Each structure stands twice: as C-alpha cells, then as structure tokens.
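Trainee: Could you take me through one part of this model in detail? I would like to look at the salt bridges and what surrounds them.

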Amino acid sequence: MVDRAWRWLLHILRWGLVAMLVGGLIADLERLDGKGWLVRTLTFPLCIAVAPLLSRWSKRRIAYYTAADTCIVAPFFLDIGGNMLGLYESVEVFDDILHLANWALLAVAFTMILRGSRPMTRLGLVSAGGGFGAFLIVLWEFLEYVVAKTGTSRLFLTYEDTVVDLALSTGGAIVGALIVAFLVRPRLSELSGGMRGPGAAAPA
C-alpha cells in the first residue's frame, strides 16, 4: 500500500514536470522570460532517469527505492512549479524555502540509496549526506553562473544570495541525512546486505 502510494506520486511528479516544461515553451509566458526555460526543458527531465539508470548500470549493486526516486524528481518539479506560478517573484522567501526543502529531499534520496547499497553507520550517513549536499549546491551555483553568463537576465544572482543558498542547501542536506539515519528504519534486505533492483518496494 505504501509502495503503491509512492509509485502514484512518482508518476504524478514525472508527468507533471514534463507537462509544465513543455507548456512553458508553448505558452511563452512573460514571467518565464529570462529564466533559461529551454535549458531547463532540455536538462531537468534527466532527473527522471537518475535512480533507475544507477541501479541498472551497476548491475543492481546500487539499491533502488521508489521513495528515493520520488525525492530526486520532486525538487525539479517544485522549482518548475514555482516558476510557472510566479512564486519566486511574489513570495520573497520562496527561493530560500526551496533551497532548504529541495536539498533535504535530495539528501534523503542519496542517503537512502547509499544505506541500501552498503553498510553505513548513522554518523557516516549524515556525513555523506551533508557532503553530498555541499558538493551539489556548489555545482548548482556554478551552473547558474554559467547560464547567467549566456545572457539569461532574470536569475538575479548576487553574492549574498549565493552565500545564503550555500548555507540553506547544505543545512537542508544535513537535515535530510539525519531523517534517514535516525527516523527511517532500514528494511530487512538492507540489514542482510541484499541489493534491490528497480521496482522493489520503497521503505515504509
């Protein structure tokens, strides 16, 4: 029952993400001008394939969980949804909230997959999740800088904004790793060291 709910949510997020990206291109909304929408449309759907491909390419040595897959897709869905609804402009703290929440979700996915793939202590999971989040936000800010340099005018990048994003995202990643390490119970297959392929049930 829990796994079915995760699967439905994952399908909704996947199709919703693609629909919004394509809709943004077709509708040509003024609030999307200068947001690098074409770049987002070409790159964001790749998040849909991350978890399944990791598991398949590794011959299932890397564990797959529907819940983790959902947590990977969700941040991209929320970012695109926020842009479509104009929340970045109308809600002052929306960007800060998303940096905290999205990196928590990504860290939940990362630490869940990591714990399912190899034995990890709680401290190790938190350290790995926090480090992953820190690396990812540095990469994200660099890519935003590159996109801005191509002529995208409405990212509003400033030094203060970058520092705040780095702090919030790293903090969110640590929170996400803590959630998996201390609140999400490992499944029997994790405790026994067994690997799981795509389609396996998500942790309850």
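Mentor: The salt bridges come after a short account of the model and the chain.

This is a predicted model, in which local features need a pLDDT of at least 70, side-chain atom pairs count only at pLDDT 80 or more, and totals for chains, interfaces and linings use all residues. Residues are numbered from 1 along each chain as its sequence is written, and side-chain values use heavy atoms, with hydrogens and water left out.

The pLDDT (the predictor's confidence in each residue, from 0 to 100) averages 86 over the protein chain, and 87% of the residues score at least 70. Among the elements, helix α4 (residues 66–84) has the highest mean pLDDT, 96, and helix α9 (residues 188–191) the lowest, 57. Over residues 194–204 the pLDDT is below 50, and this stretch has 49 contacts in the model beyond near neighbours in sequence; a contact means heavy atoms within 4.5 Å.

The protein chain has 9 helices and 0 strands. Helices (H or I, at least four residues) and strands (E, at least two) are DSSP runs, numbered from the N terminus. Of the contacts with a separation of 6 or more, 78% are between residues 24 or more positions apart. Buried residues make up 42% of the 204 residues, where buried means under 20% relative accessible area, exposed over 50% and partly exposed in between (1.4 Å probe, protein chains only).

Now the salt bridges. Side chains of opposite charge can pair when their charged atoms come close. With a salt bridge taken as a side-chain nitrogen of Lys or Arg within 4 Å of a carboxyl oxygen of Asp or Glu, a search of the whole structure finds 4. One of them joins Arg-14 to Asp-69, with the closest N and O atoms 2.8 Å apart. Arg-14 is in helix α1 and Asp-69 in helix α4, so the pair links distant parts of the chain, 55 residues apart. Arg-14 counts as buried because its relative accessibility is 18%, and Asp-69 is buried at 0%.

Helix α4 also holds Asp-79, whose partner Arg-40 lies in helix α2, 39 residues away in the chain. The side chains of Asp-79 and Arg-40 meet at 2.5 Å, N to O, and both residues are buried.

Another salt bridge pairs Lys-35 with Glu-89, the closest N and O atoms being 3.0 Å apart. Lys-35 sits in the loop between α1 and α2, while Glu-89 is in helix α5 (residues 87–90), 54 residues apart. Lys-35 counts as buried at 5% relative accessibility, whereas Glu-89 is partly exposed at 37%.

Helices α1 and α2 also take part in a surface feature. Val-18, Val-22, Leu-25, Ile-26, Leu-38 and Leu-42 form a nonpolar patch with about 560 Å² of accessible area together. α1 (2–27) and α2 (37–43) are the elements that give two or more residues to the patch, and α1 gives the most, with 4 residues. Patches are made of residues with over 30% relative accessible area and no salt bridge, like charges being joined within 9 Å and nonpolar side chains (Val, Leu, Ile, Met, Phe, Trp, Tyr) within 5 Å. Accessible areas come from the Shrake-Rupley method with a 1.4 Å probe; for residues, only the protein chains shown count as cover. Leu-42 lies in helix α2 and counts as exposed, at 60% relative accessibility.
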